[in-house]
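Hi,

Here is the structure I promised to pass on. Have a look at it first, and then read on for what turned up when I went through it.

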Amino acid sequence: MKFIGEAVIIGVDTSISMARKDYKPNRFENAKRAASIIARSLFSRNLPTLLSLMIFYRYSFPLTDLTDRLEVIEKAILQLKIMGKATAPSEIIKDAYLILRNVNPGYHKRIILITDAGFNEGVSLEMSALLLSISEIELDMLTFGSIPKSIFEHIDRSVKNTKGVWLHSSNTDEILANAAKLGEMYPD
């Protein structure tokens with residue numbers, strides 16, 4: 001199917017573990033930079049794009065409506081802060097789904113999560129991805145940090161089930177390069 005555009009939700013993990021300093025200056029600042037790179041890359045393609053920025057930890061919350069204005073997304077990124085304990089990816093997946101299900105049927109729909117994958121609360125990632133798969137919403141993930149084998153396997157299966165892309169980064173340069181790759185991708 002040829003798409004007339006793309007609707008994308010970028011979700012930034014705002015849990016306490018994102019304050020760790022194993023990536024310079026810390027995980028959270030790199031996540032914010034990655035979100036900005038993804039947004040700029042998405043809007044630089046020759047494809048109509050609607051974008052929303054959301055945060056997640058134990059809860060999730062949209063910071064912007066779907067918009068075609070980069071400055072709205074950039075302004076929201078500047079306001080991001082660490083929010084609290086626990087990480088429940090199912091919360092952002094559910095809330096992003098509720099936004100994306102109302103988008104024009106000609107648009108490719110995608111969720112990009114930027115996270116250290118310290119998932120420890122909520123419905124499992126695989127169960128959440130099932131909803132996306134049925135709804136033809138792609139789940140892409142940009143991860144960094146040490147990921148336990150059990151979570152690694154959940155991410156791998158979840159992303160594959162939605163025909164998404166998972167890029168794991170072992171250093172700051174990789175985080176930024178992988179963010180650009182995710183933003184430059186065109187829907188199939």
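Let me begin with α3 and α4: their axes cross at roughly 10° and come within 9 Å. That makes the two helices, α3 and α4, roughly parallel, since angles under 35 degrees count as such. On the α3 side the contact is made by P89, S90, I93 and Y97, and on the α4 side by L125, S128, L131 and L132. Bear in mind throughout that this is a predicted model.

α4 has a second helix partner in α5, which spans residues 149–161. Here the angle is about 5° and the axes are 9 Å apart, so α4 and α5 are roughly parallel to each other as well. If you want to zoom in on that packing, look at L125, E126, A129 and S133 in α4, which meet H154, I155, R157, S158 and N161 in α5. L125 turns up here and also in the contact with α3.

Now the sheet. It is open, has 6 strands in the order β3-β2-β1-β4-β5-β6, and its pairing is mixed. The edges are β3 (60–62) and β6, each of which pairs on one side only. On average, neighbouring strands are turned by 20° against each other, direction ignored. As a general reminder, strands of a sheet pair through backbone hydrogen bonds, either parallel or antiparallel.

Two of the pairings are worth a click:

- β4 (residues 107–115) and β5 (residues 137–144) run parallel and are joined by 7 bridges. In this pair, I114 stands opposite L142 of β5.
- β5 and β6 also run parallel, with 4 bridges between them. L142 shows up again here, opposite L167 in β6.

How do the helices sit on this sheet? α3 (residues 89–100) lies across β1 (5–13), β2 (49–56), β3, β4 and β5, and runs at about 150° to β2. α4 (residues 125–134) packs on the sheet too, where it touches β4 and β5, and its direction makes about 145° with that of β5. As for α5, it forms a right-handed β-α-β unit together with β5 and β6.

I155 is a good residue to centre your view on. It lies in helix α5 and counts as buried because its relative accessibility is 0%, where the cut-off is under 20%. Leaving out residues up to four places away in sequence, I155 touches A117, F119, L125, M141, T143, I147 and W166. One of these, M141, is 14 residues from I155 in sequence, and the C-alpha atoms of the two are 8.3 Å apart in space.

S169 makes a second stop, over in β6 (residues 166–169). Is S169 buried or exposed? With 0% relative accessibility, S169 counts as buried. Its side chain reaches the backbone oxygen of E174 at 3.5 Å. Beyond the neighbours within four places in sequence, S169 is in contact with Y23, L142, T143, F144, G145, E174, I175 and N178. So L142, the residue opposite both I114 and L167, is among the contacts of S169 as well.

Last, some backbone geometry you may want to check before setting anything up. Most residues other than glycine have a negative phi, and most peptide bonds are trans. Three places here depart from that:

- K24 to P25: this peptide bond is cis, with omega near -5°. P25 is found in the loop between β1 and α1 (27–44).
- A86: phi is positive, about 75°, although A86 is not a glycine. A86 is in the loop between α2 (70–78) and α3, and it is buried, with a relative accessible area of 13%.
- A117: phi is near 60°, again a positive value in a residue other than glycine. A117 is in the loop between β4 and α4 and is buried at a relative accessible area of 1%. A117 is also one of the residues that I155 touches.

Cheers

Key: Residues numbered from 1 in each chain as written. Predicted model: local features only at pLDDT ≥ 70, side-chain atom pairs only at ≥ 80, totals over all residues. Heavy atoms only, no water. Buried < 20%, exposed > 50% of the residue type's maximum accessible area, 1.4 Å probe, protein only. Polar contact = N/O pair within 3.5 Å; in protein donor to acceptor, adjacent residues only side chain to side chain. Contact = heavy atoms within 4.5 Å. Pairing = 2+ DSSP bridges. Axes fitted to C-alpha atoms, helices over the stretch in contact; angles between N-to-C directions. Right-handed = clockwise from strand over helix to strand, strands pointing away. Parallel < 35°, antiparallel > 145°, perpendicular 65-115°, else oblique.
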